[in-house]
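Let's take a walk through a small piece of protein architecture together. Have the sequence and the 3D view open, and look up each residue as we get to it.

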Amino acid sequence: MLPTAAQSIMCVTLCQSVTNMFTPIFVLRLDERTGNIFVLAGDNIQIEIYLDTLPRLKDGGF
């Protein structure tokens, strides 16, 4: 399974924003069961990009 084009663009945009804050990205993973992209960055930033391309923060935030 591959991410959608919109998910890919959203992922690159969010990763660029995170690294602009000098925050390391530890995990970038495509969940093959759901099709969602998961990003783990810094101490407590967890972002999930759903198939509808809406990113949602989980248990933390910017």
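We can start in a loop: Thr23 lies between helix 1 (5-20) and strand 1 (25-30). Keep in mind that what you're looking at is a predicted model. Is Thr23 buried or exposed? Its relative accessible area is 15%, and buried means under 20%, so Thr23 counts as buried. Who keeps it company? Setting aside neighbours within four places in sequence, Thr23 is in contact with Val18, Ala41, Gly42 and Ile45.

Ala41 tells the other half of that story. Not counting residues up to four places away in sequence, Ala41 touches Thr23 and Val18, along with Pro24, Ile25 and Phe26. Ile25 also stands opposite Ala41, which belongs to strand 2.

**The sheet**

Now zoom out a bit. Four strands make an open sheet, lined up in the order 1-2-3-4, with antiparallel pairing. Why do strand 1 and strand 4 (55-58) each have one side without a neighbour in the sheet? These two stand at the edges and each has a single partner strand, so one side of each is left free of a neighbour in the sheet. On average, neighbouring strands here are turned by 15 degrees against each other, if you ignore direction. Helix 1 packs on this sheet and touches strand 1, strand 2, strand 3 (45-49) and strand 4. The direction of helix 1 makes about 165 degrees with that of strand 3.

As a bit of background, strands of a sheet pair through backbone hydrogen bonds, either parallel or antiparallel. So how are the strands in this model joined up? Strand 1 is linked to strand 2 (residues 37-41) by five bridges, and the two run antiparallel. One spot to look at is Val27, which stands opposite Leu40 in strand 2. Strand 2 and strand 3 are also antiparallel, paired over five bridges. There, Phe38 has Glu48 in strand 3 as its bridge partner. Strand 3 and strand 4 run antiparallel too, with four bridges between them, and Ile47 has Leu57 in strand 4 as its bridge partner.

Each of these pairs forms a hairpin, and here are the turns:

| Hairpin | Residues between the strands | Residue in the turn with positive phi |
|---|---|---|
| Strand 1 and strand 2 | six residues | Gly35, about 85 degrees |
| Strand 2 and strand 3 | three residues | Gly42, about 60 degrees |
| Strand 3 and strand 4 | five residues | Thr53, about 70 degrees |

You've met Gly42 already: it is one of the contacts of Thr23.

**Two faces and a core**

Take a closer look at strand 2. Which of its side chains are buried? The side chains alternate along the strand: Ile37, Val39 and Ala41 point to one face and are buried, whereas Phe38 and Leu40 point to the other face and are not.

In soluble globular proteins, nonpolar side chains tend to be buried together. In this model, the largest nonpolar core has 11 residues: Cys11, Leu14, Cys15, Val18, Leu30, Ile37, Val39, Ala41, Ile45, Ile47 and Ile49. Helix 1, strand 2 and strand 3 are the elements that give two or more residues to this core, and helix 1 gives the most, with four.

Let's pick out one of those core members. Cys11 sits in helix 1, and its relative accessibility of 10% makes it buried. Leaving out neighbours within four places in sequence, Cys11 is in contact with Leu28, Ile37 and Ile49. How far is Cys11 from Ile25? The two are 14 residues apart in sequence, and their C-alpha atoms are 12 Å apart in space.

**Out in the open**

For contrast, visit Arg33, in the loop between strand 1 and strand 2. Arg33 has a relative accessibility of 75%; the cut-off for exposed is over 50%, so Arg33 counts as exposed. Its C-alpha atom is 9.0 Å from that of Met1, although the two positions lie 32 residues apart along the chain count.

Another arginine has a ring to look at. The charged end of Arg56 sits over the ring of Tyr50, 4.2 Å from the ring's centre. How many aromatic pairs turn up in a search of the whole structure? The search finds zero.

Conventions:
Residues numbered from 1 in each chain as written. Predicted model: local features only at pLDDT ≥ 70, side-chain atom pairs only at ≥ 80, totals over all residues. Heavy atoms only, no water. Buried < 20%, exposed > 50% of the residue type's maximum accessible area, 1.4 Å probe, protein only. Contact = heavy atoms within 4.5 Å. Pairing = 2+ DSSP bridges. Axes fitted to C-alpha atoms, helices over the stretch in contact; angles between N-to-C directions. Phe/Tyr/Trp six-rings, centres within 6.5 Å; stacked < 30°, edge-to-face > 60°. Lys NZ or Arg CZ within 6 Å of the ring centre and 35° of its normal. Core = buried A, V, L, I, M, F, W, Y, C linked by side-chain atoms within 4.5 Å.
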